[in-house]
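Thanks, everyone. Let me put the model up, and then we will walk through it.

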Amino acid sequence: METPSSQPKRRGRPKGSAAKSKDEREKEPHSSGKMRGSASKRAAAVDEEYVQWKSLVAVLYDWFANHNLIWPSLSCRWGPVVELGRYKNRQRLYLSEQTDKSVPNTLIIANCDVVKPRVAAENHIANFNEEARSPFVRKYKTIIHPGEVNRIRELPQNKNIVATHTDGPEVLIWDIEAQPNKHAVYGAAASRPDLVLSGHQDNAEFALALSPMEPFVLSGGKDKTVVLWSIQDHISTLAANAPKSAGSGGSIIKSADNPSIGPRGIFHGHADTVEDVQFCPSSSQEFCSVGDDSCLILWDARVGNNPAVKVEKAHDADLHCVDWNPHNDNLIITGSADNSVRLFDRRNLTSDGVGSPVHMFEHHTAAVLCVQWCPDRSSVFGSCAEDGLLNIWDYEKVGAAKDSDIESDEDEEESPPGLFFQHAGHRDKIVDFHWNACDPWTIVSVSDDAETSGGGGTLQIWRMIDMLYRPKDEVLAEMQHFKDHVGKCTPKSKG
């Protein structure tokens with residue numbers, strides 16, 4: 001597989017810096033005392049904020065696990081549940097290892113023990129070692145990946161099938177259970193993908209999505225195009241050209257001598273790199289894309305390869321990410337290098353020729369890298385950014401905040417409308433996160449904080465306390481019940 005000579009664009013870690021070991025970083029000369037002083041002040045501020053956050057972990061979280069990575073990971077995704085238990089469930093977790101080439105880049109399949117709600121003890125949650133591996137995360141299988149792993153996405157119809165973006169134009173499809181376990185040592189041969197999707201003419205690194213309706217794959221790249229494939233085309237070709245073997249069942253990906261297919265469609269409309277794509281939750285023929293041209297584009301493959309709707313100037317800078325609400329087809333969120341998240345209603349996308357968002361969520365202080373809707377509640381979504389924060393928003397609270405007269409201007413500045421939780425456990429840019437559909441308020445997030453974590457980055461798995469998102473009346477009733485219980489248990493003083 002050939003890789004174009006042009007250097008791929010990095011949104012998270014600049015290319016070439018990802019692979020430095022801790023010893024190499026310590027040996028690097030600093031350009032000036034002024035830069036050292038500035039960096040030192042920033043590090044001190046980050047440390048102070050982190051210490052403050054850590055002191056509140058036992059209060060804010062129902063469960064928390066910290067896993068120090070050996071190598072940086074640019075993506076993290078939940079796979080299928082493989083074992084049910086009384087107090088915890090075992091679930092697959094997909095990660096990557098972006099190395100310095102002393103060992104190969106890898107796609108990692110881990111087993112994660114997800115502790116059930118209201119099980120973990122407070123002292124266990126709070127007492128974790130930032131430089132240690134978590135006992136809740138254990139490597140299950142290693143796939144030696146041809147090139148870097150920039151994005152991982154699982155197939156909704158079969159979460160043992162994943163797609164990856166690398167530092168090249170192809171999309172690679174992997175059958176996790178069918179792939180052999182490899183030992184990642186220098187010189188080891190790369191694993192063979194179960195299917196290769198071709199169609200891009202330049203690097204396609206970040207924009208990747210799989211349809212919840214059918215086994216369709218969507219990608220965007222530096223060639224300014226959006227490309228659509230159907231994995232079903234591969235199965236149909238095999239069925240037509242070869243007799244069905246008796247033992248071929250079990251996987252939707254079937255073996256072939258040359259496992260590669262071309263696209264169903266190539267869509268033109270962006271003027272710069274396509275940074276993210278997403279399917280409409282109710283249609284494999286409708287999808288959207290965002291790019292460095294500051295545009296949000298909606299597409300309908302049934303009516304052609306040109307944009308169905310093009311939203312110019314959806315943000316004031318490059319767009320990095322997009323997600324389509326799985327509960328409401330009309331709502332789309334976008335994140336940008338302008339540090340904001342914007343909510344769009346596709347029934348009213350533009351005004352005077354430019355983007356007209358329903359609301360702008362502004363609290364990040366650096367570029368937003370990932371946005372995703374909550375699988376459990378239609379109005380809730382998360383956003384992570386280069387400021388090291390993962391914000392949880394509820395757009396229904398925006399109207400409630402506007403209608404309330406009891407909040408001061410100072411309070412509104414500290415907590416903008418819609419923001420109801422902020423995860424501050426990472427100490428540098430958060431490059432990816434994923435809600436757990438099998439345990440909807442559990443989130444996995446990964447950050448590029450190798451300089452502060454003493455390793456290759458940090459993986460965190462966490463769930464906020466349920467009193468923050470349950471209905472208010474229900475929470476108040478529980479608190480009153482607890483108060484009454486304490487009152488009954490408290491011995492009355494003798495008068």
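Start with Asn-339. Asn-339 is partly exposed because its relative accessible area is 24%. The cut-offs here: buried means under 20% relative accessible area, exposed means over 50%, and partly exposed is in between, with a 1.4 Å probe and protein chains only. Asn-339 sits in the loop between strand 20 (331–336) and strand 21 (340–345). Helices (H or I, at least four residues) and strands (E, at least two) are DSSP runs, numbered from the N terminus. Asn-339 is not a glycine, yet its phi is positive, about 75°.

Some housekeeping. This is a predicted model, so local features need pLDDT of at least 70 and side-chain atom pairs count only at pLDDT 80 or more, while totals for chains, interfaces and linings use all residues. Residues are numbered from 1 along each chain as its sequence is written, and side-chain values use heavy atoms, with hydrogens and water left out.

Back to backbone angles. Most residues other than glycine have a negative phi. Lys-101 is not a glycine either, and has a positive phi of about 75°. Lys-101 is in the loop between strand 3 (88–97) and strand 4. Is Lys-101 buried or exposed? Lys-101 is exposed, at a relative accessible area of 68%.

Now salt bridges. The rule: a side-chain nitrogen of Lys or Arg within 4 Å of a carboxyl oxygen of Asp or Glu. That gives a count of 23.

Take Asp-62 and Arg-463. Their side chains form a salt bridge at 2.9 Å, N to O. Asp-62 is in strand 1 (residues 61–69) and Arg-463 in strand 31 (residues 457–464), so the pair links distant parts of the chain, 401 residues apart. Both Asp-62 and Arg-463 are buried.

Next, Glu-478 and Arg-118. Again a salt bridge, 2.9 Å from N to O. Glu-478 is in helix 9, and Arg-118 is in the loop between strand 4 (106–115) and helix 4 (122–126). These two are 360 residues apart. Glu-478 counts as partly exposed because its relative accessibility is 23%. Arg-118 is partly exposed too, at 47%. The two also belong to a network of salt bridges that links Arg-118, Asp-466, Arg-470, Glu-474 and Glu-478.

Third pair: Asp-448 and Lys-429. The closest N and O atoms of this salt bridge are 3.8 Å apart. Asp-448 is in the loop between strand 30 (442–447) and helix 8 (450–453), and Lys-429 in the loop between strand 28 (419–423) and strand 29 (430–435), so the pair ties together parts 19 residues apart in sequence. Asp-448 and Lys-429 are both buried.

Staying with helix 8: Thr-452 lies there. Thr-452 counts as partly exposed, at 31% relative accessibility. Thr-452 and Asp-47 are 405 residues apart in sequence, but 8.9 Å apart in space, C-alpha to C-alpha.

On to empty space. The search uses a 1 Å grid over the protein atoms alone. A cavity is a set of points where a 1.4 Å probe fits but cannot get out; a pocket is an open set with protein on both sides within 12 Å along at least five of seven lines; lining residues have an atom within 4 Å of a point. Grid points are joined across faces, edges and corners, and a volume is the space filled by probe spheres set on the points.

How many cavities of 30 Å³ or more are there? Three, over the whole structure. The second largest holds about 50 Å³. It is lined by 11 residues, and the closest to its centre are Glu-205, Phe-206, Lys-222, Thr-273 and Glu-275.

The second largest pocket has a volume of about 770 Å³. Of its 39 lining residues, the closest to the centre are Arg-77, Gln-278, Asp-323, Gln-372 and His-434. Several strands each supply at least two residues of this lining, among them strand 2 (77–83), strand 6 (151–155) and strand 29.

Last stop, strand 6. Arg-151 lies in it. Arg-151 is buried, with a relative accessible area of 5%. The C-alpha atoms of Arg-151 and Leu-95 are separated by 9.3 Å, with their positions 56 residues apart along the chain.
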